[in-house]
Amino acid sequence: DPPASTTHAMTVGELSSFLMLSAFIAGNAVNLTMVYANAVKTFGATERLLAIFDDDAAAETANKNLQLTTAEAVACHPITIEGLHFAFPSRPTLPVLDDFSLHVPAGTSVGITGPSGCGKSAVL
């Protein structure tokens, strides 16, 4: 009896190994096409972002020509809030701010922190 490799006959084990490896290769080929598609999307998004950044650079150049920016104008004056009351229209009986007061001296910065729903955005 000659060895199985010279008779060109495939055993059940060889056939199942071949089919399994073929399935692995086909699955990876599909993954390669998805990687290519994602790369193309990324390049397109990058182009759009660069166009936006170019527009922002032009806007910044135009803003530099102004004598006084908003931030500089605010820095020259103190900010005072006294006795502020606020409730959202959807919940008028539940005040978010009740008799809120705040004084920010000119030229200083203030950070407002707190849990969600405590009124940080309402102050602004």
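Me: Is Asp99 buried or exposed here?
Reply: In this predicted model, Asp99 counts as exposed because its relative accessible area is 52%, and the cut-off for that class is over 50%.

Me: And where does Asp99 sit in the fold?
Reply: Asp99 belongs to strand 2, which covers residues 97-104.

Me: What about its phi?
Reply: The phi of Asp99 is positive, at about 55°, although Asp99 is not a glycine.

Me: OK, stepping back, which elements does the protein have, and how do they run?
Reply: The protein has three helices and two strands, and, read from the N terminus on, the order of these elements is α-α-β-β-α.

Me: How many of the 124 residues are buried, as a percentage?
Reply: Buried residues account for 3% of the 124 residues in the protein, where buried means a relative accessible area under 20%.

Me: Switching to the surface, which residues make the nonpolar patch?
Reply: Met10, Leu15, Phe18 and Leu19 make a nonpolar surface patch of about 420 Å², and one of these residues, Phe18, is found in helix 1, which spans residues 12-64.

Me: Now pockets: how much space lies in the second largest one?
Reply: The second largest pocket holds about 160 Å³ of space.

Me: What lines that second largest pocket?
Reply: Its lining consists of Phe88, Arg91, Leu94, Pro95, Val96, Gly117, Gly119, Lys120, Ser121 and Ala122.

Me: And how do the residues of that lining divide by nonpolar, polar and charged?
Reply: For the second largest pocket, the lining residues comprise five that are nonpolar, three that are polar and two that are charged.

How values were computed: Residues are numbered from 1 along each chain as its sequence is written. This is a predicted model: local features need pLDDT of at least 70, side-chain atom pairs count only at pLDDT 80 or more; totals for chains, interfaces and linings use all residues. Side-chain values use heavy atoms; hydrogens and water are left out. Patches are made of residues with over 30% relative accessible area and no salt bridge: like charges are joined within 9 Å, nonpolar side chains (Val, Leu, Ile, Met, Phe, Trp, Tyr) within 5 Å. Accessible areas come from the Shrake-Rupley method with a 1.4 Å probe; for residues, only the protein chains shown count as cover. A salt bridge is a side-chain nitrogen of Lys or Arg within 4 Å of a carboxyl oxygen of Asp or Glu. Helices (H or I, at least four residues) and strands (E, at least two) are DSSP runs, numbered from the N terminus. On a 1 Å grid over the protein atoms alone, a cavity is a set of points where a 1.4 Å probe fits but cannot get out, and a pocket is an open set with protein on both sides within 12 Å along at least five of seven lines; lining residues have an atom within 4 Å of a point. Grid points are joined across faces, edges and corners, and a volume is the space filled by probe spheres set on the points. Ala, Val, Leu, Ile, Met, Phe, Trp, Tyr, Cys and Pro count as nonpolar, Asp, Glu, Lys and Arg as charged, and the others, Gly among them, as polar. Buried means under 20% relative accessible area, exposed over 50%, partly exposed in between (1.4 Å probe, protein chains only).
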